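Student: I should like a close look at a single part of this complex, namely the second chain. Please give one connected account of how far the model can be trusted there, how the chain is built and how its partner meets it.

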Amino acid sequence: MRPIATTRAATGIATGKLAVWWVLASEVVIFGGLLASYIMFRLGHPEWADAAAVTNTTIGAVNTFVLLSSSLTAVLAHQAAERGDGRKAAQWLYCTIVGAATFIGIKTYEWWYEISHGYTITSNGFWAFYYSAAGLHAFHVIAGAVIMFIVARDAAKNIELHRVELIGIYWHFVDIVWIFLFPLLYIAK
Amino acid sequence: MVEPAVDLTHGQHHDDHADHGPQGWLKYLWSTDHKVIAMQYMFTGMFMALVGGFMAYVFRMQLAFPGIDVPGFGMVSPGEYNALVTNHGTIMIFWVAMPVLLAAFGNYLIPLMVGADDMVFPKVNRLSFQVFFVSTIVILASLVVEGGGFAGAWTAYPPLSADSTYNLTPLGSTLWVIGVGLEFVAFLLGGINFITTLMNSRAPGMRAFDVPIVVWMIVVASILFMLSVGPLLAGAIMLIFDQTIGTGFFNPAMGGDPILWQHLFWFFGHPEVYVVLLPAMGVVIEIITTFARKKVFAYRTVIFTVVATGVLSFFVWAHHQFIAGIDPRMANIFTITTLLISVPIAELCFVYIATLYGGSITLNTPMLWALAFVATFLIGGVTGIFLGAAGADIYFHDTYFVLAHFHYTFFPIAIIGAFAAITYWFPKMFGKMMDDRLGKIHFWGTIIPFNMIFIPLFVLGMGGQHRRIYNYSHFPELALDWFQDMRVLATGSLLVMLAFQSVFFYNWYKTIRHGPKAPKNPWKANSLEWTTESPPPHGNWRPDEMPVVYRGPYEYSTPDREDDYWPQNEPSPRGSA
């Protein structure tokens with residue numbers, strides 16, 4: 001049984017959705033702090049461009065495409081959930097999880113390649129930020145995929161369908177963080 | 001209410017956990033009731049206050065009587081001294097001020113004051129405490145691992161914090177960062193609950209400006225925490241990487257910069273002052289209105305002032321770094337913002353005074369604590385002006401003046417504010433009336449020694465005594481005899497103050513055992529928590545008796561009413577608003 005408190009909506013916004021937005025607000029400042037530090041350092045160290053030149057823009061672009069596509073399937077899941085079609089919503093969510101897994105797979109290959117060529121987190125400042133920022137983001141991708149799996153399992157039984165939208169909002173956020181990381185770590189040579 | 005509260009508790013609990021309810025003490029451990037979680041936070045915080053107080057006792061003894069065999073601890077080595085000072089600061093702020101004021105009273109008061117049966121996410125709330133509990137274990141463990149606890153000051157500036165060849169505490173310093181990081185996670189989880197509960201779960205009829213000010217303050221504090229802690233969490237990740245895998249985020253030799261940590265730390269650290277200050281100020285305003293029997297002066301102005309304070313608090317952080325080599329033009333800007341932020345805080349103090357003016361004042365224990373808060377915090381605030389001005393700060397930086405200043409702000413917040421809240425809401429939380437005479441003995445036994453500790457330290461600071469020296473007798477040219485007398489006076493006062501805390505614990509014990517039973521509304525106050533049983537049952541009110549709100553919480557001494565108070569849930573007589 002839920003408390004009465006959870007069912008109230010004095011703002012007119014469902015409580016779950018409100019909370020997700022506040023979670024994102026707190027996440028924005030975490031990534032904001034990290035990226036602001038990176039940008040300040042990058043401006044002060046023109047020589048980091050040499051290290052940035054090593055990153056593989058093609059792989060980064062492919063991963064961007066994979067992640068954006070997974071956001072599309074998250075939207076399709078939301079649409080299905082709105083129609084009350086839990087089974088369809090679950091299927092689209094599983095597609096999104098496959099997208100997340102592909103992203104992590106490509107990332108693993110990329111990191112393995114770079115580490116085996118001697119570019120490790122301790123190589124210099126650029127690589128320290130590269131692995132920390134992308135690693136923190138990858139951690140969010142994995143966490144999101146796990147939560148999505150739980151939501152999808154329930155949605156398939158038509159339970160808690162409103163959660164499909166909530167995990168979707170979170171997933172778009174993970175996507176947007178990558179949209180900032182991609183140019184900062186790959187394109188800016 | 002016809003039904004006894006006990007049956008109600010049992011009945012509802014049965015509904016909640018019918019299929020998976022743990023039994024016995026596990027039921028307590030896994031409770032999702034906001035009141036139980038509040039108690040868990042409060043008792044953990046009080047335990048940590050004893051730990052932090054003990055640390056203060058040990059290093060003050062060392063300062064007053066260098067090289068003495070401190071009873072209960074032994075000889076204090078320089079490394080241990082630094083670890084004690086560091087963890088005293090860390091524990092008092094993150095494990096005492098925050099859990100007691102923000103988490104315990106936030107959890108206890110928000111649902112009761114907005115007329116809800118619980119937080120909106122009871123399980124997230126429980127998770128918040130559990131993470132906090134783990135963080136407590138981590139920070140305590142960090143004190144006893146090989147090499148000892150972290151000893152690089154609670155601000156943890158690199159390179160001292162980042163490189164174990166400097167700090168000599170490879171395990172302690174990493175555990176310290178992990179412990180603090182976990183504590184942040186716990187308060188983020190709790191904060192999301194506080195904010196959404198206030199936004200969405202107010203009782204029918206309760207508009208934004210019918211919410212008691214303490215709830216506003218706690219929620220604004222949670223938002224400040226949420227928006228300022230992120231960069232420091234990012235910084236904590238960088239610091240752990242620097243410590244453990246050898247990156248160079250804060251190491252100039254590897255292209256990093258130690259000043260970056262100072263920015264990340266103080267970007268959080270300064271709003272953090274307001275994160276703990278605002279709940280205390282809210283507690284004080286509730287007590288002052290109740291015991292002055294007057295409507296709070298300028299309710300809306302208070303709310304706008306608090307929001308303005310919150311916004312400004314994000315633009316003052318570099319006043320901690322005036323001697324860190326920042327650009328003097330930058331120092332000018334931060335001097336101006338720092339002096340500006342004293343305006344809204346001074347305004348709040350005027351609101352207290354204006355609320356008291358012409359009221360019929362009852363000087364009982366909670367009211368004494370509340371008034372003492374205003375008086376002592378004022379000293380803390382005024383001495384802050386000296387430190388906020390870059391010119392004066394260059395002289396005062398890292399002296400005992402700074403130390404005395406921030407103890408005149410944090411002691412009123414964490415100790416006086418907490419005692420005010422505990423003595424005021426004790427009847428509601430535990431259903432018994434505390435002994436007022438013992439309460440007053442404890443009050444004077446705390447307040448007088450407190451001033452006797454820190455006024456000498458102000459004097460020492462103005463004499464130029466540096467605050468991070470382990471043994472002044474090593475520096476004969478600095479250690480004038482009367483300086484040492486001042487240190488002995490401060491330490492003696494601390495011992496007196498610590499001794500008087502036993503009165504509080506005795507009062508607590510005596511009240512629980514023999515105290516008179518508290519009625520629903522012992523102080524004749526207006527806000528919703530006083531409309532239910534003391535202590536409130538699980539669910540706070542019977543489901544069919546959930547309160548409906550008709551007015552703001554400060555309608556005291558309304559003309560043409562027989563009672564001098566007007567509970568928020570009492571319908572207005574027919575025909576009037």
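Tutor: In this predicted model, chain B has an average pLDDT of 92, and 95% of its residues reach a score of at least 70. The weak part is residues 1–20 of chain B, where the pLDDT is below 50. That stretch has 13 contacts in the model beyond near neighbours in sequence, and these deserve to be read with its pLDDT of below 50 in mind. For the complex, the predictor gives an ipTM of 0.94 and a pTM of 0.93.

As to architecture, chain B comprises 16 helices and 0 strands. Its radius of gyration is 24 Å, close to the 25 Å that the globule rule gives for 577 residues, so chain B is as compact as a globular protein of that length. The C-alpha trace of chain B spans about 75 × 55 × 50 Å along its principal axes. Of the 577 residues of chain B, 55% count as buried. When contacts between residues at least 6 apart in sequence are considered, 82% of those in chain B join residues at least 24 apart.

The interior comes next. The largest nonpolar core has 224 residues. Helix H4 of chain B, residues 78–114, supplies the largest share of this core, 23 residues. The residues with the most contacts inside the core are B:Ala97, B:Val215, B:Val276, B:Val284, B:Ala414 and B:Ala420. B:Val284 may serve as an example: leaving out residues up to four places away in sequence, B:Val284 touches B:Tyr352, B:Ala370, B:Phe373, B:Val374, B:Gly417 and B:Ala420. One of these partners, B:Ala420, is itself listed with B:Val284 among the residues with the most contacts inside the core.

Two individual residues illustrate the burial classes. B:His88 is placed in helix H4 of chain B. B:His88 counts as buried because it has 21 C-beta neighbours inside 10 Å, and the threshold for that class is 20 or more. Apart from neighbours within four places in sequence, B:His88 is in contact with B:Gly52, B:Met55 and B:Ala56. The C-alpha atoms of B:His88 and B:Trp154 are separated by 8.2 Å, although these residues are 66 apart along the chain.

B:Leu340, in turn, lies in helix H11 of chain B, residues 328–356. B:Leu340 has 14 C-beta neighbours inside 10 Å and therefore counts as partly exposed. The C-alpha atoms of B:Leu340 and B:Leu312, 28 residues apart along the chain, are separated by 8.2 Å.

There remains the partner. Chain A averages a pLDDT of 95, and 99% of its residues score at least 70. Within chain A, confidence is lowest in H1(A), at a mean of 89, and highest in helix H5 of chain A, residues 86–116, at 97. Between the two chains, 30 residues of chain A are in contact with 40 residues of chain B. On the side of chain A that touches chain B, helix H1 (4–7), helix H2 (15–44) and helix H6 (125–156) of chain A each supply at least two residues. H2(A) provides the largest share of that side, 13 residues. By residue class, the side of chain A that touches chain B divides into 17 nonpolar, 12 polar and 1 charged.

Note on methods: Residues numbered from 1 in each chain as written. Chains lettered and ligands numbered in written order. Predicted model: local features only at pLDDT ≥ 70, side-chain atom pairs only at ≥ 80, totals over all residues. Contact = placed C-beta atoms within 7 Å. Helix = DSSP H or I, 4+ residues; strand = E, 2+ residues; numbered from the N terminus. Nonpolar A, V, L, I, M, F, W, Y, C, P; charged D, E, K, R; others polar. Core = buried A, V, L, I, M, F, W, Y, C linked by C-beta atoms within 7 Å. Buried ≥ 20, exposed ≤ 12 C-beta atoms within 10 Å, placed from the backbone. Rg over C-alpha atoms; globule rule 2.2 N^0.38 Å. pLDDT = per-residue confidence, 0-100.
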